[in-house]
Structure formats: C-alpha cells, structure tokens
Amino acid sequence: MSIRVNTGEGRTLRRNEAGFTLVELMFASGVLAVTLVLLFGSFLSVSNLAFVAQDRVNAATALTSVMEELRTKDLNGLLGYVPPVLTGKPLRTVSVQCLQSDGTKLTLPTDPKSLLSALPNPVRVLCTVNWTDKKGRTQSVQSTAWYYR
C-alpha cells in the first residue's frame, strides 16, 4: 500500500521517500559525535592554556617584585641578597645571581678589603623564577638588570 503526500510544489512523495533512512540518521549521529568530541577537546585545551597563563602571570609578578626590591639595594646589599621564599601552588623558587659582563658567575674574593676593587663595573644581576606545572614540566621566567657603581 502506498501513501501519497502532497508537498505543495505540485509533486507528491511516496511513503518511502517521505522520511530519513536509518543510514542517514546514523551518519548524522556520527558527524554530531565527532563534532562534540572536537569541541570538548578544544575546551580542555583552552582550560589548560588558562592555567599555564595564570602560572606565568604569578611568576612574572614575583619576578617583578624581586627585581624592584633589588633596585633599592646598594652594591653591598645586592651581593648579600637572599631571595624570598614564595608560598602557594605551584611552588616557585627564586634564584638571584650576580654575573660578570661576559656572563660568567661572579666569584667574590675572600679578603673584604679587596671586595669593591674586584667587582666588575657594571654588575649584571640575573633573577630566575622556577616552578613545575600540573603536568610535571619545569617552567621558568628570567629577568636581567645591570647595576653600576
């Protein structure tokens, strides 16, 4: 038995032409599933990038704070500076190194009288903030400043 449906365009459809086939529905469901998986994956990626960006902002803030504190020190205070211990998650460590102008680490003489004469002019100070992100990767942010006598 055949049922005819008028489409309004002067054309009639039979019952087997009026709906979607099972294959068409399965194909549409597959396309929808793939689209949802890709969309969900992109949301996860954006979320991870937001965490990485927040960690970098926090580290840059700590780095700026240390560099501003170093800027207020004289040369003796600069050489004896102990970086702060940062709290919070992720755990961040701060290191401050005095370098010679060629980039080698500055070693201080043991005689305090010859201390100032042995220091290069300018003294390069390298400050580094290190931390480990959620995936276990080590990240760092660095800043360099030159100090003149």
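Me: What percentage of the 149 residues in the protein chain do buried residues make up?
Reply: Keep in mind that this is a predicted model. A residue counts as buried when its relative accessible area is under 20%. Across the 149 residues of the protein chain, the buried share comes to 22%.

Me: What pattern does the protein chain follow when read along the sequence?
Reply: Start with the tally: the chain has three helices and five strands. Now put those elements in sequence order, and you get β-β-α-α-β-α-β-β.

Me: Which strands are the edge strands of the open sheet?
Reply: The open sheet has three strands in the order β3-β4-β5, paired antiparallel. An edge strand here pairs on one side only. That description fits β3 (92–99) and β5 (138–147).

Me: How many bridges join β4 to β5?
Reply: Let's look at both sides of β4. Eight bridges join β3 to β4 (residues 123–132), and those two run antiparallel. On the other side, β4 and β5 also have an antiparallel pairing, and valine 123 stands opposite tyrosine 147 in β5. The number of bridges joining β4 to β5 is ten.

Me: Which residue takes a positive phi in the hairpin of β4 and β5?
Reply: Check the link between the two strands, which has five residues. One residue in this hairpin has a phi near 85°, and it's glycine 136.

Me: At about what angle does helix α1 run to β5?
Reply: First, find the helix: α1 covers residues 22–71 and lies across β3, β4 and β5. The sheet itself twists by an average of 15° from one strand to the next. Between α1 and β5, the angle is about 25°.

Me: Is cysteine 127 buried or exposed?
Reply: Its strand gives some context, as β4 is mostly covered, with seven of its ten residues buried. In the pairing with β3, valine 96 stands opposite cysteine 127. The cut-off for buried is under 20% relative accessible area. Cysteine 127 has 0% relative accessibility, so it counts as buried.

Me: And what about cysteine 98, buried or exposed?
Reply: Cysteine 98 stands opposite valine 125 in β4. Use the same kind of check, with buried meaning under 20%. Because cysteine 98 comes in at 12% relative accessibility, it counts as buried.

Me: How many disulfides does the count come to?
Reply: For a disulfide, two cysteine sulfur atoms have to be within 2.5 Å of each other. Apply that rule to this model and the count is zero.

Me: Which element gives the most to the largest nonpolar core?
Reply: The largest nonpolar core has 21 residues. The elements giving two or more residues to this core are α1, α2 (75–79), β3, β4 and β5. With six residues, the one that gives the most is α1.

Me: Which residues have the most contacts inside that largest nonpolar core?
Reply: As a general idea, nonpolar side chains in soluble globular proteins tend to be buried together. Here, valine 125 touches residues including Leu78, Val96, Cys98, Ala145 and Tyr147, leaving out residues up to four places away in sequence. Leu70 is also among the residues that valine 125 touches. Inside the core, the residues with the most contacts are Leu70 and Val125.

Technical notes. Residues are numbered from 1 along each chain as its sequence is written. This is a predicted model: local features need pLDDT of at least 70, side-chain atom pairs count only at pLDDT 80 or more; totals for chains, interfaces and linings use all residues. Side-chain values use heavy atoms; hydrogens and water are left out. Two strands pair if DSSP finds at least two bridges between them. Helices (H or I, at least four residues) and strands (E, at least two) are DSSP runs, numbered from the N terminus. Axes are lines fitted to C-alpha atoms, for helices over the stretch in contact, and angles run from 0 to 180 degrees between N-to-C directions. Contact means heavy atoms within 4.5 Å. Buried means under 20% relative accessible area, exposed over 50%, partly exposed in between (1.4 Å probe, protein chains only). A nonpolar core is a set of buried Ala, Val, Leu, Ile, Met, Phe, Trp, Tyr and Cys residues joined through side-chain atoms within 4.5 Å.
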